[in-house]
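Colleague: I am new to this structure and would like a close look at a single part. Please take me through one contact region and what lies around it.

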Amino acid sequence: MVAEDSAQILRQQVRAWLQANVPVGWRQAMTNSEQAAFVQLQRQWFGKLSAAGYATPHWPSEWPGGGRSLADQKVIYEEVARADAPRLILFFVALYHAACTLLECGSDAQRQTYLPKILAGEIWCQGFSEPNAGSDLASLKTRAERRGDNYVINGQKTWSTMAQYADRCLLLARTSKAEVPQAGLTYLLVDMHAPGVTVRPIAQITGDDEFAEIFFDDVEVPIEERIGEEGEGWAVAQATLASERGLTLVELSHRMRYALPLIAAQMRDSGREQDAALRRDLGRLIARVDATCALADRYLLKRISGEEAAGDASVVKLYYATTLREFSLLGSRIAGLAGQYDRGFMRGATQETGNWPVDFINSFNWSIAGGSNEIQRNIIAERMLGMPREPRSWQMTAR
Amino acid sequence: MADDGALMIPHMNNDVRELQDSARRVLAGLGLAADEAASWPRIADLGWLMISTTEELGGLGMGLAGACALQVELGRQLATVPFLPAVLAIEALAHGALADKVQWLERLTAGEIYVAVPLADCALNVQRDSRGALLLTGTLLAVPSADNASHVLLSTLNGEHVGLVATAQPGVTVIERATWDTTRRLFDLQFDAVELEEHHIVASGSQAQALAMRLAVQRDFLLAADAVGGAAALLQMTVDYLQARTQFGRPLALFQALKHRCADLKAQTEAAEALLLDSLGREQMDSADGIASAELAGKAAKQLACAAFATVAEEALQLHGGIGMTSEHNCHLFLKRALLNEHLGRAPDSYETGIADAFLASCQPTCASIQTL
Ligand SMILES: Cc1cc2nc3c(=O)[nH]c(=O)nc-3n(C[C@H](O)[C@H](O)[C@H](O)COP(=O)(O)OP(=O)(O)OC[C@H]3O[C@@H](n4cnc5c(N)ncnc54)[C@H](O)[C@@H]3O)c2cc1C
């Protein structure tokens with residue numbers, strides 16, 4: 001079949017390219033490394049990957065590297081995972097959240113301005129969550145006041161991944177106090193180098209500091225930097241979240257599939273390869289991981305054909321997050337006491353490294369960020385199964 | 001409600017989609033766990049037994065994916081008809097070497113005769129007598145609707161033969177084994193030196209082994225399809241019940257503790273369905289390598305789908321409360337079918353260990369070591 005041949009040819013090309021280009025020894029170099037080394041590795045790897053046209057397979061065909069079929073996208077993700085290449089986490093928000101939001105909701109001028117910058121290596125961050133607005137995102141308070149041709153931003157964002165390195169921020173801010181909180185939100189692109197922006201990294205429980213707080217103090221944003229109309233930021237934010245919940249998981253599910261040998265290696269290293277109970281657990285995990293890949297693939301196919309339905313992305317994310325948790329827990333269980341010795345952490349290696357306590361902790365990125373598992377369950381129950389929403393009004397009862 | 005149409009293979013061939021649509025309507029008309037004797041002629045008339053065979057052999061050419069699409073619908077309605085074993089028998093004959101297979105297939109796909117196939121792993125001892133005749137001894141387990149079968153399709157323990165034996169003959173004892181699942185009727189078939197006649201041998205030697213392997217794979221996929229349909233229908237029924245039932249002055253569906261459980265079940269059902277359809281779209285059993293790869297995919301699909309159905313069934317009974325414990329409510333019919341499904345096919349634990357064994361063997365040479373840290 002022609003399609004199969006062309007996928008086969010692509011596979012050979014990608015594999016050969018990766019063989020020649022994946023930075024040798026990057027895992028060792030990233031173990032307990034300095035931040036500067038991490039940023040340098042990420043920049044170099046992104047430069048190579050995007051120049052080769054493999055960084056943006058999920059983009060439309062008008063853009064370099066884009067227009068790939070599901071089959072071709074899978075080939076690329078599989079080969080990148082197979083070659084154990086670094087994940088582009090410094091560029092994750094730019095490549096997925098920002099690009100998908102611009103493609104879906106941005107103006108032509110905005111796309112022409114920003115997508116080339118992303119391809120050239122701009123780093124973006126997502127400024128949605130606030131100290132008092134997490135799951136209840138619509139209650140956020142960061143203000144954007146219209147003054148002439150600018151919005152003036154005041155407020156605080158938190159848990160913003162890679163914000164300390166970012167050039168630009170996807171900001172969700174309040175432009176009015178509408179009765180329905182969602183109606184008062186506006187979506188802006190903010191230059192992180194503008195006067196009045198302060199970023200403070202937050203130490204995480206792995207020892208890393210992947211996310212940060214952002215403070216906005218009279219930061220001016222030209223009105224051309226608004227995506228969608230004033231007051232329509234909530235709808236735009238849904239495009240961002242949908243890409244985070246569904247699309248990114250095609251790549252990550254295949255990563256998890258290719259990381260399964262870590263469990264096999266751990267069984268061998270722990271001398272428990274013949275353990276029947278563990279084999280049973282491993283078999284069950286493999287079936288779950290395969291199903292995660294099948295779900296993510298199907299999601300992508302539905303998206304391409306315009307058949308995506310409410311809740312589809314939530315199913316993918318919930319299933320991925322719970323499977324990833326099981327993955328790290330099984331590894332931990334096999335590793336035993338030795339797995340609990342602190343071996344530090346590896347920057348940018350994400351959730352499958354065989355350093356089980358860190359992998360386990362990092363699996364919470366997927367059960368908390370981008371809408372927690374509980375929020376995904378709400379969405380599935382309400383939007384897919386048609387179960388009723390919680391009553392809106394709630395008052396503190398007198399004690 | 002929102003679920004309708006969700007069990008279709010996206011971008012699946014339109015003919016299968018249409019057939020599945022119409023099957024859903026027909027089966028809804030017949031009702032849940034509809035009477036076997038009344039439904040069997042209906043499904044034969046509708047041509048469903050022709051679904052998987054190629055057009056050259058007079059079939060509809062929709063393959064295993066087509067048969068699974070129908071089995072999903074049959075699973076939804078807890079169908080009592082032995083469609084699953086009938087399809088396996090038809091597949092065996094279509095891929096076998098009987099001289100008069102075309103005539104057999106005509107009668108089988110028209111529903112004129114029914115050939116049963118055991119749904120558990122079992123085979124018979126075989127010995128040659130002084131005349132050189134092959135004599136079969138032993139017991140076949142979990143043979144559905146065997147009392148209506150003219151013949152049973154069986155394998156010999158030495159792997160040498162797959163063949164047909166008439167069920168109504170001296171030396172064959174047909175014993176009904178009532179199961180808790182009343183939507184299926186299973187039988188033991190005891191054989192005491194019964195001849196496997198030369199002209200009833202469907203495959204021999206390596207071909208018999210390949211055929212037996214193929215049938216086991218198809219059985220796994222069809223059982224997975226049955227479970228996917230059952231799980232989806234039962235989850236829907238449960239959500240509908242929670243919407244309708246009020247306690248504490250509100251519908252139960254408003255309680256988040258229950259919503260979240262339904263959402264988890266939805267995710268598991270969707271995952272099982274996605275894995276089944278993905279594998280069906282990908283696997284091709286036209287070579288030995290193809291069958292080996294399909295075998296693994298079938299094991300994963302069966303394991304995941306049957307586990308999901310069993311979990312949905314367990315939760316459904318809990319979420320129905322007392323009414324679910326009453327015999328007039330349908331909840332228990334799903335539960336008992338889900339429980340039985342987990343025990344049909346290969347031995348339950350062998351799915352998980354089989355998947356792991358193959359994986360461990362395959363990643364031996366290239367296996368990443370735990371990364372240097
Ligand atoms: C690693 C990481 C990276 C992140 N990166 C970013 C980023 O780049 N940009 C950004 O804007 N944000 C980011 N976040 C923030 C993330 O989106 C929020 O943490 C998340 O939405 C949860 O909000 P919260 O932390 O305030 O928890 P809360 O909303 O306070 O929730 C606490 C607990 O209550 C549960 N809960 C809350 N509401 C409900 C409900 N209605 N029903 C049932 N249970 C409920 C939650 O599930 C959770 O278990 C990141 C978070 C993490 C962990």
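Modeller: What follows goes through one interface between domains and then the ligand site.

This is a predicted model. The domain assignment divides chain A into domain 1 (2-87), domain 2 (124-232) and domain 3 (244-384). The part to look at is where domain 2 of chain A meets domain 3 of chain A; 8 residues of domain 2 and 9 residues of domain 3 take part in the contact. Taken over C-alpha atoms, the centres of these two domains are 30 Å apart.

Between them, domain 2 and domain 3 of chain A bury about 660 Å², with carbon and sulfur atoms giving 49% of that area. On the side of domain 2, A:Ser135, A:Thr206 and A:Asp208 supply 56% of the area buried against domain 3, more than any other three residues.

The rule finds 2 salt bridges across this interface. A:Asp208 forms a salt bridge with A:Arg347, and their closest N and O atoms are 2.8 Å apart. By class, the side of domain 2 that touches domain 3 has 1 nonpolar, 4 polar and 3 charged residues.

A:Ser135 also belongs to the ligand site: of the 18 residues around the ligand, those that come nearest are A:Ser135, A:Trp159, A:Ser372, A:Glu374 and B:Gln256. The site is shared between chains, because residues from chains A and B surround the ligand. From chain A, the side chain of A:Ser372 has an N or O atom 2.6 Å from an oxygen atom of the ligand. From chain B, the side chain of B:Gln256 has an N or O atom 2.7 Å from a nitrogen atom of the ligand. The ligand has 970 Å² of accessible area on its own, and the protein covers 67% of it.

Terms used
Residues numbered from 1 in each chain as written. Chains lettered and ligands numbered in written order. Predicted model: local features only at pLDDT ≥ 70, side-chain atom pairs only at ≥ 80, totals over all residues. Heavy atoms only, no water. Domains from an automatic or database assignment. Contact = heavy atoms within 4.5 Å. Buried area = accessible area lost by both parts, 1.4 Å probe. Salt bridge = Lys/Arg side-chain N within 4 Å of Asp/Glu carboxyl O. Nonpolar A, V, L, I, M, F, W, Y, C, P; charged D, E, K, R; others polar. Near = heavy atom within 4 Å. Polar contact = N/O pair within 3.5 Å; in protein donor to acceptor, adjacent residues only side chain to side chain. Areas by Shrake-Rupley, 256 points an atom, 1.4 Å probe, with all protein chains shown as cover.
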